[in-house]
Amino acid sequence: MAAAAKRNEDDLSDTGSAFEKKIKLRPLKCLEPGVQINMALIVLNQPLDHQYSHLLQLWNRSTIRAATDGASNHLHDIMVTREGTDFVPHLLTGDFDSARPEVLDFMRGKGAEIVETADQDYTDFTKCLRVVHQRTLENNNKVDCLVALGAFGGRFDHTLSAIDTLYDASKTVGYPVYLIGDDNIACLLKPVRQPMTRVSHLFGEQALFSTFLESKSVA
């Protein structure tokens, strides 16, 4: 399902609780120049060299930065190959079966909080999102949206699990979650009218913008 709509300057219209607010989606507000935004960023376990420009923009605009397990390797390798860069996240979460031990030691030494999430019932992305959300509540951080970079381009089952996390997030957070990877962006639509802005002006005319409709469970 593809969707696009005219720009609307208001991001939220109070119509109820945090989960029922009528959200006017601006999926690429996180990349629009000159726009003020309170954003949380999660970097997923995908190669980042070809997405470096997006990584740099999102990193610099984020108020809280996190990475999942193997994503620490990619962030570390970028810091090694691109001298002077600093991609040490605030939070590094996972069961750490993918992160190289020396990378974990490096990130810890640079101030990253290492949070082990050994629960195998959920993906590293889902667990990281929950940790990030919990930290925002504890620190009373205002978050307009959360962006996950590296959600597409790898194994198909990983892509499906990232999409599944969109549905899980709708039950736990009250702000939009966007998946970005390569030339793709995806988000979850609530079963209400949600205006959206176009995305081609930042991703190009060949960009794919996918939306998934949240459905109510049937007993």
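Which residue forms a salt bridge with Glu113, and how far apart are the closest N and O atoms? The partner is Arg135, and the closest N and O atoms of this salt bridge are 2.4 Å apart. The values in this report come from a predicted model.

## Overall composition

The protein chain holds six helices and 10 strands. It has 219 residues, of which 49% count as buried. Taking the contacts between residues at least 6 apart in sequence, 67% join residues at least 24 apart.

## Salt bridges

Side chains of opposite charge can pair when their charged atoms come close. The count for this model comes to eight salt bridges, and three of them are tabulated here.

| Acidic residue | Basic residue | Closest N to O distance |
|---|---|---|
| Glu113 | Arg135 | 2.4 Å |
| Asp144 | Lys142 | 2.5 Å |
| Asp77 | Arg100 | 2.8 Å |

In the pair of Glu113 and Arg135, Glu113 belongs to strand S6 (residues 113-116) and Arg135 to helix H4 (residues 124-138), so the bridge ties together parts that are 22 residues apart in sequence. Glu113 has a relative accessible area of 34% and is partly exposed. Arg135 counts as buried because its relative accessibility is 19%, where the limit for buried is under 20%.

The bridge between Asp77 and Arg100 starts from helix H2, which contains Asp77, and reaches Arg100 in the loop between S5 and H3; the pair therefore ties together parts that are 23 residues apart in sequence. Both ends fall in the intermediate class of accessibility: Asp77 is partly exposed at 34%, and Arg100 is partly exposed at 28%.

For the bridge of Lys142 with Asp144, the relative accessibility of Lys142 is 54%, so this residue counts as exposed. Asp144, at 25%, counts as partly exposed. Shared partners also give rise to a network of salt bridges, which joins Asp77, Arg100 and Glu102.

## Aromatic pairs and charges over rings

A pair of aromatic rings is described by the distance of the centres and the angle of the planes. Two aromatic pairs are counted in the model. In one of them, the ring centres of Tyr52 and Phe87 are 6.0 Å apart and the planes stand at 85 degrees, so the pair is edge-to-face. Tyr52 lies in helix H1 (residues 52-61), whereas Phe87 lies in the loop between helix H2 (71-81) and strand S5 (91-94); the pair therefore ties together parts that are 35 residues apart in sequence. Tyr52 counts as buried at 14% relative accessibility, and Phe87 counts as buried at 2%.

Phe87 also pairs with Trp59, again edge-to-face, with 5.2 Å from centre to centre and 80 degrees between the planes. Trp59 is in helix H1 and Phe87 in the loop between H2 and S5, so this pair ties together parts that are 28 residues apart in sequence. Trp59 is buried, as is Phe87. Through these ring pairs, Tyr52, Trp59 and Phe87 are linked into a cluster.

Which residue lies over the face of Tyr52? It is Arg82, at 3.7 Å from the ring centre. A further case involves Arg130, whose charged end sits over the ring of Tyr122 at 4.2 Å from its centre.

## Packing of helix H2

Helix H2 has the buried residues Ala71, Ser72, Asn73, Leu75, His76, Ile78 and Met79. An α-helix has 3.6 residues a turn, so residues three or four places apart point the same way. The buried residues of H2 pack against two helices and three strands by name: H1, helix H3 (101-109), strand S3 (39-43), strand S4 (62-68) and S5.

Two packed helices are described by the angle between their axes and the distance between the axes. For H2 and H3, the angle is about 75 degrees and the axes are 10 Å apart. This angle makes H2 roughly perpendicular to H3, because the range for that class runs from 65 to 115 degrees. In the contact between the helices, Ser72, Asn73, Leu75, His76 and Met79 of H2 meet Val103, Phe106 and Met107 of H3.

Note on methods: Residues numbered from 1 in each chain as written. Predicted model: local features only at pLDDT ≥ 70, side-chain atom pairs only at ≥ 80, totals over all residues. Heavy atoms only, no water. Phe/Tyr/Trp six-rings, centres within 6.5 Å; stacked < 30°, edge-to-face > 60°. Helix = DSSP H or I, 4+ residues; strand = E, 2+ residues; numbered from the N terminus. Buried < 20%, exposed > 50% of the residue type's maximum accessible area, 1.4 Å probe, protein only. Lys NZ or Arg CZ within 6 Å of the ring centre and 35° of its normal. Contact = heavy atoms within 4.5 Å. Salt bridge = Lys/Arg side-chain N within 4 Å of Asp/Glu carboxyl O. Axes fitted to C-alpha atoms, helices over the stretch in contact; angles between N-to-C directions. Parallel < 35°, antiparallel > 145°, perpendicular 65-115°, else oblique.
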